Amino acid sequence: MTSPGYGVTLRGVTQRFGDTVALDDVDLEIRPGTITGLLGRNGSGKTTLGSLVAAFRRPTSGEVLVDGEEPWENERTAPGVCLVRESGDVLDEDRLRDNLDFFAGARPTFDRAFAAELMELFELDPKSKPSKLSRGKKSAFGITVGLASRAPLTILDEVHLGLDAPSRYAFYDTLLADYLAHPRTIVLSSHLIEEIERLLEDVVVLDRGRVLLTQDADSLRAEGVSVTGPQDAVDAFVAGRTVLGTQRLGRTTQVTVRGVLTDADVARARATGLELGPVPLQDLFVHLTDPRRRDGVVAAKVPGEGALP
Amino acid sequence: MFDGRDPVYLQIADQIRQDVLAGALAAEEQVMSTTQYATTFRINPATAAKAFNQLVDEGVLYKRRGVGMFVAPGARERLLAESRESFFADTVDPVADAARVLGIPVEDVVARLRERAAHLDATTPTTGTTDTEAAR
């Protein structure tokens with residue numbers, strides 16, 4: 001089996017833009033061969049991270065490693081790293097056909113036949129120019145270039161903005177099938193966490209330039225539990241646990257806690273008439289990056305935060 | 001699909017266990033590959049692989065190198081024995097609890113169980129035996 005893709009390591013990486021600190025002393029590991037979700041709110045540092053890894057810039061300080069080497073002006077790693085951002089990262093005034101010629105020349109792993117398949121899937125006309133495309137079509141072309149490049153490290157940063165739901169699902173299915181046939185490292189960044197979470201093996205959450213967590217997606221999912229029932233019983237059950245959020249509706253309370261429940265916990269919850277439910281990754285993300293929470297205000301102490309879903 | 005409380009891989013493992021229990025997957029039968037699971041259910045292949053590894057650890061599945069995953073001989077019998085052990089705690093006790101809350105006499109619950117069992121005896125072949133042929 002050939003190499004399953006490039007891994008990424010960041011050690012103490014800081015990136016400043018004037019007075020703004022986009023990344024603040026970041027340590028990070030992206031495992032080779034995984035589909036890793038890079039999640040964060042707007043301005044959390046995701047795009048900066050992408051530019052550093054793709055060697056579009058050098059960090060203010062710290063070390064970035066791609067497949068064990070510094071990517072900056074690195075002739076070995078450069079053809080193997082493909083970053084596609086919302087803008088598409090393509091040649092705006094050249095026909096799509098000429099764009100494909102260009103990328104096929106720049107990347108040894110580029111697959112022209114697969115690119116043609118994707119062009120057809122997304123109904124893209126090879127004679128049109130990116131600058132003349134709708135937002136959705138432009139995104140589709142960025143995806144076409146990103147996937148057909150088959151780069152050992154492919155970073156797709158909000159590439160599916162503007163795509164309608166059928167096209168997004170076509171993208172997810174194609175991504176997964178192609179990843180299975182050609183294993184490599186894919187970093188996927190999206191605000192549509194609900195849609196992509198099942199595709200992910202690992203999750204990195206950035207918040208205000210720092211790494212909030214890196215974890216495998218399955219264990220992260222197992223860590224969020226919603227506890228619903230009468231207020232007193234819920235309060236007793238969650239005492240001493242990490243409470244991420246509280247919602248009250250009449251006499252019923254629903255609390256989201258972080259942490260793995262033991263069998264004894266589950267039995268105790270059942271015995272006291274509490275209902276345990278799943279917490280989608282998206283909700284966990286919303287709770288974890290809640291500004292009130294990160295500023296030290298305990299979410300549990302904010303009463304009546306809204307109705308139960 | 002797969003929207004319960006447990007992580008996806010536990011749900012996949014559970015579904016395969018149920019298929020083995022119900023006889024839908026027989027001993028020595030090949031199960032879908034991680035690749036097939038991943039594309040069918042649109043999940044990461046590592047998630048599917050975790051489910052299979054768990055079932056291999058439990059002795060429900062075994063791996064034939066280069067061929068795939070198969071249902072282990074005797075897997076159904078073992079799962080049946082385990083499920084029978086937990087049946088009263090997991091299934092019967094909550095029924096008793098709910099009946100009490102609703103004020104339904106336990107005799108009525110028992111009568112309903114007898115009725116249902118008689119109906120099943122009359123309409124479906126016997127399941128839950130260790131005879132694999134009976135489940136077909």
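**Two chains, read by definition**

Mentor: Along its sequence, chain B follows the pattern α-α-α-β-β-α-α. Chain B holds five helices and two strands. This is a predicted model, where local features need pLDDT of at least 70 and side-chain atom pairs count only at pLDDT 80 or more, while totals for chains, interfaces and linings use all residues. Residues are numbered from 1 along each chain as its sequence is written, and chains are lettered from A and ligands numbered from 1 in the order in which they are written.

Trainee: What makes a stretch of chain B a helix or a strand?

Mentor: Both are DSSP runs numbered from the N terminus: a helix is H or I with at least four residues, and a strand is E with at least two. Helix H1 of chain B, residues 8-21, is one such run.

Trainee: How do you know what share of chain B is buried?

Mentor: A residue is buried if 20 or more other C-beta atoms lie within 10 Å of its own, exposed if 12 or fewer, and partly exposed in between, with C-beta atoms placed from the backbone. By that test, buried residues make up 21% of the 136 residues in chain B.

Trainee: Why is something called a nonpolar core?

Mentor: The name needs buried Ala, Val, Leu, Ile, Met, Phe, Trp, Tyr and Cys residues joined through C-beta atoms within 7 Å. The largest such core here has 94 residues, and B:Ile12 and A:Val53 are among those with the most contacts inside it. In soluble globular proteins, nonpolar side chains tend to be buried together.

Trainee: Which residues does B:Ile12 contact, leaving aside neighbours within four places in sequence?

Mentor: B:Tyr37, B:Ala48 and B:Ala51. Being in contact means that the C-beta atoms of two residues, placed from the backbone, lie within 7 Å. Of the contacts in chain B with a separation of 6 or more, 56% join residues 24 or more positions apart.

Trainee: Where do chains A and B meet, and how many residues take part?

Mentor: The contact takes 15 residues from chain B and 16 residues from chain A. H1, helix H2 (34-41) and helix H3 (45-58) of chain B each supply at least two residues of the side of chain B that touches chain A. H3(B) gives the largest share, four residues.

Trainee: What makes the residues on that side of chain B nonpolar, polar or charged?

Mentor: Ala, Val, Leu, Ile, Met, Phe, Trp, Tyr, Cys and Pro count as nonpolar, Asp, Glu, Lys and Arg as charged, and the others, Gly among them, as polar. Sorted this way, the side of chain B that touches chain A has seven nonpolar, five polar and three charged residues.

Trainee: How do you know where the domains of chain A begin and end?

Mentor: Domain bounds come from an automatic or database domain assignment. Chain A is divided into domain 1 (8-208) and domain 2 (220-294). Their centres, taken over C-alpha atoms, are 35 Å apart. Each domain of chain A gives eight residues to the contact between them.

Trainee: And what is the assignment for chain B?

Mentor: Domain 1 covers 8-75 and domain 2 covers 76-130. Here 27 Å separate the centres over C-alpha atoms, and the contact takes nine residues from domain 1 and six residues from domain 2 of chain B.

Trainee: Why are S5 and S9 of chain A said to stand at the edges of their sheet?

Mentor: Two strands pair if DSSP finds at least two bridges between them. Six strands of chain A form an open sheet in the order S5-S6-S7-S3-S8-S9, with mixed pairing. Strand S5 (81-84) and strand S9 (210-216) each have a single partner strand, so one side of each is left without a neighbour in the sheet.

Trainee: What makes S3 and S8 of chain A a pair?

Mentor: Five bridges join strand S3 (residues 35-40) to S8(A), and the two run parallel. Set against the need for at least two bridges, they count as paired. One bridge partner of this kind is A:Val203 in S8(A), which stands with A:Gly37.

Trainee: How is the other sheet of chain A ordered?

Mentor: It is open, with four strands in the order S11-S12-S10-S13 and antiparallel pairing. Its edge strands are S11 (242-249) and S13 (275-278) of chain A. Strand S10 (residues 224-230) and S13(A) share four bridges, and A:Thr228 stands opposite A:Glu275 in S13(A).
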